Structure formats: structure tokens, C-alpha cells
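Colleague: I have a model open and would like to go through its charged pairs with you, and then the place where the chains meet. Can we start with the salt bridges?

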Amino acid sequence: MSTVAAALTVERACVELGGRPILREVSFQLAPGEFCGLIGSNGSGKTTLLRAILGFVRLDSGQIRLADGTTAGRLVGYVPQKIALDPGLPLRARDVVALGLDGARLGPALPSRRRAEQVEQMLHAVGAEAFADQRVGLLSGGQQQRVLVAHALVRRPRLLLLDEPLANLDVRSTAEIVALLRRLSREYGAAVLLSAHDMNPLLPAMDRIVYLAHGSAVAGKAEEVVRTEVLSELYGYHVDVVRVHGRVVVVAAEASDQIRAAVARDPVHTASVP
Amino acid sequence: MLMSVPSNPGFWVNEPVRVALTVGAGAALVCAVVGCATVMRRQAFAGHALADVSSAGGSAAYLLGLNPLLGFLGMAAAVAVVMEWADMREVRERDLLTGVVLGAGLGLTALLLYFDATMGSVSGAAMTVLFGSMFTIPATIVPVALAVAGAALVASAIIYRPLLLSALAADLARAQGLRVRAVTLTHAVTLALAVSLAAMTVGAILATALLIGPAAAALRLARRPFEALVLAALIGLGATWGGIALAYESFYWTPGRGWPVSFFIVILIFVAYLLSSWAATRRGARRGAALYGCEGA
Ligand SMILES: Nc1ncnc2c1ncn2[C@@H]1O[C@H](COP(=O)(O)OP(=O)(O)OP(=O)(O)O)[C@@H](O)[C@H]1O
Ligand SMILES: [Mg+2]
């Protein structure tokens, strides 16, 4: 199953934390430029998987390989979950993007036309020009998200990991960010692995889905994975994949009738598997 | 009053004044740079504790007749490394540990200063160690102080970008393959160097003022990191030299008894901080008004 050109290969990855299995034999592969959703409810192991790919968390068994066989370093861009930028830092959005380019180098940066152009281009790509010169800690959540995406992408990584980038965004910003990420992944040829607890905003954009439940995963195209039989087997008990008002909702069997009725009454109601 | 100082020829040719200006400048510059990094890393309390604890080294040096700067430095460096190690082991409640270490360090100082007072040869060691005495700094300290300052500035320059990136978010730094530990350890060493220079000038207790004050004021106003460093350096240098000048003048206010330099330095820093807060608030209000005007239009 190993394609030489894969941007990311995860093979039977197992992680235990505090004596508890958090990831159980997770396997999947991402091709260059692929846009992949990492979907699972709270505590299913999304953050742990992303941190394992970065090398922050050690695998107990299994293997994770990047395009060139190395781990982390220059080839991976990362936007952590719940990152709070300190309003006390005297950094403009522009400075944060520049730190994404060469922040790990020693010494102060020498003024360079090329560097400034790269930063400017990236700010333009994520639509952050309007607030490029403002203190980054004072920007709104959605604006910070764009700046952090630019920070992660400016080094032209082959793989971009985003942990819950859509949390705290309103419907319109969510759609904008998803479209933006999808476009950038194509333009820059970077595979994107994006975690979310709600798959709906991603369904039109995803090439592939990795669905996590209690640390186990199934991967594939969304229409192959998000099915009653497949997810029931993953969860180990019966769940229903319900489609209502254009939304996909995964519910445990006994709750599904109630949920179906509730969603029919109130279309913005969402539900998840217990 | 201040205007009369340059016209007073005694000020510039006076040896103790020249030593004070030189050591003070080194301390102010290093504290500005290291202070900005410390405030950005939210380690102001650790910096304060380190300064207080360094007083034990300073008072031991007076007791043994050693160079007091090396005394401050030895103690500060040892404790900085221990605290960094505790951080590495992810000791919970770092602030509590810092507080306990601070208490123990000052207790040791109390003992050593008692010995200084009862059997030491230097009179007034307690005042000097705790609150500084810039006009009595021996000239032999100047080369050591300049070497310490130079080392701190070079180390700070080397970790300039990695430290900014780690202050932004340690995970972002790690994702770029940066060894965050090496950066924070280097910063801890520069902090020890800065604190020992500050303790030498304004005393161990007031060292925080020189370390944190100018940096805090500058970080409120600056729009970018380098601007913060320059602003902090100007505030620190202005307060230090201004304080020395005012203290020199004060010999004429209360004839025969000058006021402590440290008092003037700390007051000037405090005033600078108030002014910067006022300016930052005003700017914020103006920006808010502009935003409101835009949205209304
Ligand atoms: N350092 C740790 N030690 C012990 N258990 C941990 C540790 N980190 C995470 N866990 C556990 O691992 C499980 C998965 O956590 P993880 O953060 O990966 O979930 P997640 O899918 O990202 O959830 P969320 O949607 O809430 O962000 C949780 O049950 C959590 O309690
Ligand atoms: Mg998470």
C-alpha cells in the first residue's frame, strides 16, 4: 500500500497516554495536495493524532512517515487548537507570518526585499492584508486563524495540519476558510489534514475523510465512510447516519428517532454520537 | 536642577560618577533587552525572584571580600538553571516553587548580612546589596560589568527570532523543529546576567524595577519587536543617567548628604511607565473612535 509519493503515511499507529489507549492501530495515507478532514467527537483522539504526526507524542507502536521519510521539521505546517495569541506581544500580523518563514533561525532577521515579498504574498493569499499591520493579539478569532494559516503555509510545507480551525467561526467565515484552505492546498501542492467535530462544512471540499471514534479510525472517500454499516462497525455499536435538510448527522440508534424529529423541527440543531 | 548638571564640571570628571554612568548604562541596556524577552515570556515574577535571591550571592561576596558582581551573578545563574530544570520536569505550580525559592534565598541573605554587619569589614553592606549604592561601585568592576553586559547582549541577539517564536506559541516553534529548551535555557542565563548587573546598580530588591519597568512601558507602546527594544533601552538609559544626575545634584539640596541614586532611577522608571500607559490608552481610544467612525459611515 505504500506509494512513494505519499505526503503522509500512518501505519497502525498506537498511542497510550496515562496508561489508556488513545489511538488504536490508526492507518491512512494522504496524497500530495489532498484535502482531508479528520472527524471525530470530543476526546476521540484528533489532537493526539496530529501531535503524533508532528513528533510531539511518541508512538507506542506503528509508524508515521512524511514525504521524504523524515518527521516534522521544515515539511510540516501546523495550526494548533485553541491557540490564544497574547495581546501584550508587540507583533503585527506581518511579523507572525515572517516568523513562520524563518523564526527558528538564529539572530535577528536582516531586512530583505525577497522575504518581505514572500510575506506580503502570503498575507494576500489568506486575505489578511487589511489587518497586516495590527497587533496580532488584538485581532478577532477568525482574523487570527487566517494569520496562523499564513504562518504555517509561508514555508511551503508539503503537509499542513490544522487542529479545529473552524471552531469559533461563524457560518460565513467557516465557508470562507474552508474554500481558502482548499484553494491553497491545490495551489501550493500541500496535503491538508484538518480536524473538526462537525463534518458538514467540509463535505463539499473533502477529497478524503479520516473518521475517528474512541481512538480507532476508518479512512476513505466521504461517501464510502459516512455510512451506517461502516460507522457502526467503527463505533462497535449501531449508529445511524441520518441526512436531514442537507446535513449529515451521526447518531446512536436509540436516539436517532428523537434527533430526526428535533432536527426536523429546528434545522440548526445538531447532534453527535455519545 | 537637571540643567545645572552638565554645567557643573565636577560631574563629568568625578571618578565615581563616571563608574556609575558606565556600569549603569550597561545594566540599563541589558535589562531593556532581556526585560522585553522576560515580559513577553510572562516571567516577570521569576525575574523578580531571581533578583531577590541574587542578594545572597552579593552579601556572601562582601563577607568574603570578593567582587560583588560575581557574587550576584553566581547565585542568580545557579538559581536560574535550577528553575529552568524544574520547568523542564514540568513541575506544577511554578509560581509557588518560585515563591518558596525566593523566600529561602532572602532568608540566606538575612543571615549573611547579619555576619557582614557583625564581623565584616565593609560598613553598610546591607544597604548596598539590597538597595544599591552607585557612587561606591569600585572602578575594578567596570571591565567585568562590560564583559557581562557584552555576553548578555550577544546571547540575546543570537536567540532573538527563536525567542519571539517561542513567546508566540511554543508549539509553533516546535513544529518548525526548534529546540525550545535550548532557547529558554539561554534566556534563563541572560536573565541571570541582567539581574546581576541590575543588582549591582540599583540593588537586588530594586533590580526588578530596572528589568521589568522599561520593558513593560516599551511593550505597551511599540508596534514591532525591535521598536520595543529601542524604546526600553531609551527609557532604561534615560532613567539611569537621569537618576545619577539627580542624585549628584541632591548633594546640594541637603548639604553633605546626597539622596540614594536608586530612589531617583526607580521613580523615573515609574513615571515613564505611567506616561506610556497614558499614551497607549489614548492611542487605543483614538483607534476605537476611528473604527467607530468608519463603521458608522
Ligand atoms: N497527556 C495526556 N495524558 C493522558 N490522557 C490524555 C493526554 N492527552 C490527551 N489525553 C486523553 O486522550 C483523549 C483524546 O484526547 P484528544 O485531545 O486527542 O481529543 P480530541 O479529539 O482532540 O478532542 P477535542 O475535540 O475535545 O479537541 C482524551 O480522552 C484525553 O483525555
Ligand atoms: Mg483536540
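Modeller: Certainly, and please keep in mind that this is a predicted model; over all chains, the count comes to 24 salt bridges.

Colleague: Okay, what does Arg12(A) pair with?

Modeller: Arg12(A) forms a salt bridge with Glu25(A), with the closest N and O atoms 3.2 Å apart. Since Arg12(A) sits in strand β1 and Glu25(A) in strand β2 of chain A, the pair ties together parts that are 13 residues apart in sequence.

Colleague: Is Glu25(A) buried, exposed or partly exposed?

Modeller: Glu25(A) is partly exposed, its relative accessible area being 42%.

Colleague: And which side chain meets Arg92(A)?

Modeller: That is Asp133(A), in a salt bridge of 3.7 Å from N to O. Arg92(A) is in the loop between β5 and α2 of chain A, while Asp133(A) is in the loop between α3 and α4, so this pair links parts that are 41 residues apart in sequence. Arg92(A) counts as buried, because its relative accessibility is 11% and the cut-off for buried is under 20%, whereas Asp133(A) is partly exposed at 48%.

Colleague: Where do Asp198(A) and Arg247(A) lie?

Modeller: Asp198(A) lies in the loop between β7 and β8 of chain A and Arg247(A) in strand β11, so their pairing ties together parts 49 residues apart in sequence. The closest N and O atoms of this salt bridge are 3.3 Å apart, and Asp198(A) is partly exposed at 25%.

Colleague: Which residues are joined into one network by shared partners?

Modeller: Arg92(A), Arg94(A), Asp95(A), Glu120(A) and Asp133(A) are joined in that way, through salt bridges that share partners.

Colleague: Changing topic, how much area do chain A and chain B bury between them?

Modeller: They bury about 2500 Å², 61% of it on carbon and sulfur atoms. In chain A, the residues that lose the most area to chain B are Leu89(A), Pro90(A) and Leu99(A), which together make up 20% of what that side buries.

Colleague: How many salt bridges are there between the two chains?

Modeller: The count between chain A and chain B is three, and one of the pairs across the chains is Asp102(A) with Arg161(B), whose closest N and O atoms are 3.2 Å apart. On the side of chain A that touches chain B, α2(A) supplies the largest share, five residues, and the residues of that side divide into 18 nonpolar, six polar and eight charged.

Conventions: Residues numbered from 1 in each chain as written. Chains lettered and ligands numbered in written order. Predicted model: local features only at pLDDT ≥ 70, side-chain atom pairs only at ≥ 80, totals over all residues. Heavy atoms only, no water. Buried area = accessible area lost by both parts, 1.4 Å probe. Salt bridge = Lys/Arg side-chain N within 4 Å of Asp/Glu carboxyl O. Helix = DSSP H or I, 4+ residues; strand = E, 2+ residues; numbered from the N terminus. Nonpolar A, V, L, I, M, F, W, Y, C, P; charged D, E, K, R; others polar. Buried < 20%, exposed > 50% of the residue type's maximum accessible area, 1.4 Å probe, protein only.
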